[in-house]
Number of protein chains: 2
Amino acid sequence: MGNPTAAMLVIGDEILSGRTRDSNMHFLAGELTRHGINLSEVRVVSDDVDAIIHAVQALSEGFDHVFTSGGIGPTHDDITADCIAKAFGRAIDVREDARALLQAHYDRSGQELNAARLRMARIPEGAALIDNPVSTAPGFTVENVHVMAGVPSVFQAMVASVLPTLTGGAPLMSQTLRVMRGEGDIADTLSTVAAAFPDVSIGCYPFQKDGAYGANVVVRASDGARLDAAMTQLARDLGL
Amino acid sequence: MGNPTAAMLVIGDEILSGRTRDSNMHFLAGELTRHGINLSEVRVVSDDVDAIIHAVQALSEGFDHVFTSGGIGPTHDDITADCIAKAFGRAIDVREDARALLQAHYDRSGQELNAARLRMARIPEGAALIDNPVSTAPGFTVENVHVMAGVPSVFQAMVASVLPTLTGGAPLMSQTLRVMRGEGDIADTLSTVAAAFPDVSIGCYPFQKDGAYGANVVVRASDGARLDAAMTQLARDLGL
């Protein structure tokens, strides 16, 4: 549909072990859709150097933008920044502007900027910092990869910092038709309308309510007139 | 850690557009952890033939087991079964035992087994069916790939059908230490203990409560004695 494409990389053992339920994917998906960027793939990998590097390289090559979440804190399992540097063959070290941000933050709160916290000022060479209004330690952008924190409030703030800098396409619009019939009874009609509107995406999501079968038919398109036309034909062909 | 590895492939535009929040990943992660299988990677792709085939092949080669969710219903956007057949170079057609299951189901409910519903009996050659006690239409296993529905109640029932057939390892156990100090203040200690216990995984997950900084330190291992030993050293070194 001509819109820019994006992928997301979620980094963290805690998601894969089932300890934590990820919420950043759902948040980012909604934000990108509103901004006219098509989220095309998500990967979740563990805190493993090879897995992170491999995924970053594959996604960076395959899509216009990549957003990562997780692994940029002060502890030993926070290895994302070093992996990103390796993935792009760049040096990484404590950067003065990032250190100054952290120094001011910890001075204000009366805490010490110790060696562990200073790790959060390690930034790959040539990266642009991403503002973190919640807890100061910055994210960063290298090439087309935006590296952000996993804590949801910080992740969301960083997405708000990054998104306005990216050119979006026409936002994908959607309308939903709720049909109280089984999926199998409306499948033929959906198929016919989908074939007639190749530029419109039609999805069918079944549900059961009080023992009766129903389906939400979701129609998505970047062009409002085509969306309306597809909805009109669907409603007519389904006898609604 | 010697346990079998697994990957999950979530298939569906509705997740990537932000319309639906996936819950199957979190469910599967917990079940696999309890069963002693390490979930090592998750991918989410759209209803796109090439994306599905590519992901299935990559994950099937890389891990002991692959679990897919979504795209096996009766509508035009349900293309998973055909993609799995293509990914493994197998023929696919309506299979008599699967058709008989559906025929009995729709006879009972007084609905017609029409052409759309019959698509749910299309099974790649040589696959084993996965029992679906919720809504009958079966999943299936081809080589090391277990193909299941996206509707959470059906997905969960199919996981319950498949898991007992798989050999698990020692279940990964975990204990959590709640510490009311900032991550940066305990990072050195965590690092030291992590280095002393290479067979134990130590994760640190920060939180803020009533303006104070804290962290949940999660220690995971398959060996209970090692887990206890790491927890004991952590508590001592943190002065708890």
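**Exercise 1. The contact between the chains.** Determine how many residues of chain A are in contact with chain B, and which elements of chain A supply them.

*Solution.* Step 1: in this predicted model, local features need pLDDT of at least 70 and side-chain atom pairs count only at pLDDT 80 or more, while totals for chains, interfaces and linings use all residues. Residues are numbered from 1 along each chain as its sequence is written, and chains are lettered from A in the order in which they are written.

Step 2: take two residues as in contact if their C-beta atoms, placed from the backbone, lie within 7 Å. On this basis 47 residues of chain A touch 47 residues of chain B.

Step 3: assign the residues to elements, which are DSSP runs numbered from the N terminus (helices H or I, at least four residues; strands E, at least two). At least two residues each come from several elements of chain A, including H2, helix H8 (183–196), strand E10 (201–209) and strand E11 (212–221).

Step 4: sort the residues of this side of chain A by type, which gives 18 nonpolar, 18 polar and 11 charged. Here Ala, Val, Leu, Ile, Met, Phe, Trp, Tyr, Cys and Pro are nonpolar, Asp, Glu, Lys and Arg are charged, and the others, Gly among them, are polar.

**Exercise 2. The relation of the copies.** Find the turn and shift that lay chain A on chain B.

*Solution.* Step 1: superpose by least squares on the C-alpha atoms of residues with pLDDT of at least 70 in both copies. A turn of 180° with a shift of 0.0 Å along the axis gives an RMSD of 0.0 Å.

Step 2: that is the relation of a two-fold axis. The C-alpha of chain A nearest the axis belongs to A:Arg43, at 2.2 Å.

Step 3: compare the surfaces. Of the interface residues of chain A, 100% are also interface residues in chain B, so the copies meet through the same surface.

**Exercise 3. Positive phi.** Locate A:Glu143 and B:Thr136 and state whether each is buried, exposed or partly exposed.

*Solution.* Step 1: most residues other than glycine have a negative phi. A:Glu143, not a glycine, has a positive phi of about 50°, and phi of B:Thr136 is near 75°.

Step 2: A:Glu143 sits in the loop between strands E7 (139–142) and E8 (145–148) of chain A. B:Thr136 is in the loop between strands E6 (128–130) and E7 (139–142) of chain B.

Step 3: count other C-beta atoms, placed from the backbone, within 10 Å (buried, 20 or more; exposed, 12 or fewer; partly exposed, in between). A:Glu143 has 15 and is partly exposed; B:Thr136 has 18 and is partly exposed.
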